[in-house]
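These are my notebook entries on one structure, kept in the order in which I looked things up. Terms are explained where they first appear.

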Amino acid sequence: MSQDQQLNPLPDRVVADLRARIADGRWPPGRLLTYADIQQLYGVSRETVAAALTRLRDAGLVETRRMRTRPRVAGKSWPAVTGTSIQDEITTHVQDQVSRGVYGPGDRIPSLEALAAEYSVSVATVRRSLPPLLDEGVLIAIRPRGTFVADSSADVD
């Protein structure tokens with residue numbers, strides 16, 4: 001915990017209340033969260049709201065789509081499990097789709113933009129979710145063609 005957080009427990013109180021609002025359904029999945037509304041509700045600065053939303057985003061309770069869009073309460077497709085990031089959820093979901101045969105060996109997976117739209121996240125989030133699958137040899141990237149499911153029967157040198 002940083003010294004600023006120790007001196008200013010306000011973001012912690014805002015996070016705790018926002019978590020409660022999300023958990024009990026007062027703020028349902030998909031609800032847009034504006035800085036101005038949260039500032040007014042709690043009487044806090046923009047920096048405090050940013051710190052609170054960052055913590056909620058890290059916990060998977062809040063998501064953003066692309067730059068310049070408002071954060072929103074994570075949708076039902078995003079389980080809010082503490083310690084699990086949205087990136088991890090995307091990695092697991094793509095791995096599951098490969099395992100179930102939705103994407104077969106040699107198939108091109110959807111573009112970063114298409115996956116971002118499917119999961120309601122930024123392209124950067126999707127981009128950060130694929131390296132574990134590339135490292136494990138589940139996927140291969142062929143620039144500029146795209147990302148493909150690796151042929152499991154092929155020997156990799």
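The entries below go from the whole model to single residues.

**Entry 1: basis.** I worked from a predicted model, in which local features need pLDDT of at least 70 and side-chain atom pairs count only at pLDDT 80 or more, while totals for chains, interfaces and linings use all residues. I number residues from 1 along each chain as its sequence is written, and side-chain values use heavy atoms, with hydrogens and water left out.

**Entry 2: confidence.** I looked up pLDDT, the predictor's confidence in each residue, from 0 to 100. The mean for the protein is 79, and 80% of the residues reach 70 or more. Among the elements, helix H1 (residues 3–7) has the lowest mean pLDDT, 46, and strand E4 (residues 146–149) has the highest, 93. Residues 77–83 have pLDDT below 50, yet beyond near neighbours in sequence this stretch has 13 contacts in the model; contact means heavy atoms within 4.5 Å. Residues 153–157 are also below 50, and that stretch has zero contacts beyond near neighbours in sequence. I note that where pLDDT is low, the predicted coordinates should not be read in detail.

**Entry 3: elements and totals.** I find eight helices and four strands in the protein. Both are DSSP runs numbered from the N terminus: helices are H or I with at least four residues, strands are E with at least two. From the N terminus on, the order is α-α-α-α-β-β-α-α-α-α-β-β. Of the 157 residues, 36% count as buried; buried means under 20% relative accessible area, exposed over 50%, and partly exposed in between, with a 1.4 Å probe and protein chains only. The accessible surface comes to about 9600 Å², of which 50% belongs to carbon and sulfur atoms. Such areas come from the Shrake-Rupley method with a 1.4 Å probe, and for residues only the protein chains shown count as cover. Among contacts between residues at least 6 apart in sequence, 56% join residues at least 24 apart.

**Entry 4: nonpolar cores.** Which residues have the most contacts inside the largest nonpolar core? They are Ile90, Ile109 and Leu139, in a core of 17 residues. I use the term for a set of buried Ala, Val, Leu, Ile, Met, Phe, Trp, Tyr and Cys residues joined through side-chain atoms within 4.5 Å. Helix H5 (86–99), helix H6 (112–119) and helix H7 (123–129) each supply at least two residues of the largest core. H5 gives the most to it, with four residues. Another core, of 16 residues, lies apart from this one and has Ile22, Trp27, Val44 and Ala59 among its members.

**Entry 5: helix H6.** I listed Leu115, Ala116 and Tyr119 as buried in H6. These residues cover an arc of only 100° around the axis, so they are on the same side of H6. The arc is that of the directions from the helix axis to the C-beta atoms. The cover of the buried residues of H6 includes strand E1 (62–63), H5 and H7. Ser120 follows H6 and has a positive phi, near 60°.

**Entry 6: Ser129 and Gln87.** Is Ser129 buried or exposed? Ser129, in helix H7, is buried, with a relative accessible area of 1%. Its side chain reaches the backbone oxygen of Val126 at 2.7 Å. Leaving aside neighbours within four places in sequence, Ser129 is in contact with Gln87, Ile90 and Thr91. Gln87 lies in helix H5 and is partly exposed, at 25% relative accessible area. Not counting residues up to four places away in sequence, Gln87 touches Thr125, Arg128 and Ser129. The C-alpha atoms of Gln87 and Ser129 are separated by 4.7 Å, although the two are 42 residues apart along the chain.

**Entry 7: prolines.** I found a cis peptide bond from Arg143 to Pro144, with omega near -5°. Pro144 is in the loop between strand E3 (139–142) and E4. For reference, most residues other than glycine have a negative phi, and most peptide bonds are trans. Pro131 is placed in helix H8 (residues 131–135) and is partly exposed, with a relative accessible area of 35%. Pro131 and Ala141 are 10 residues apart in sequence and 9.9 Å apart in space, C-alpha to C-alpha.

Notes. Polar contact = N/O pair within 3.5 Å; in protein donor to acceptor, adjacent residues only side chain to side chain.
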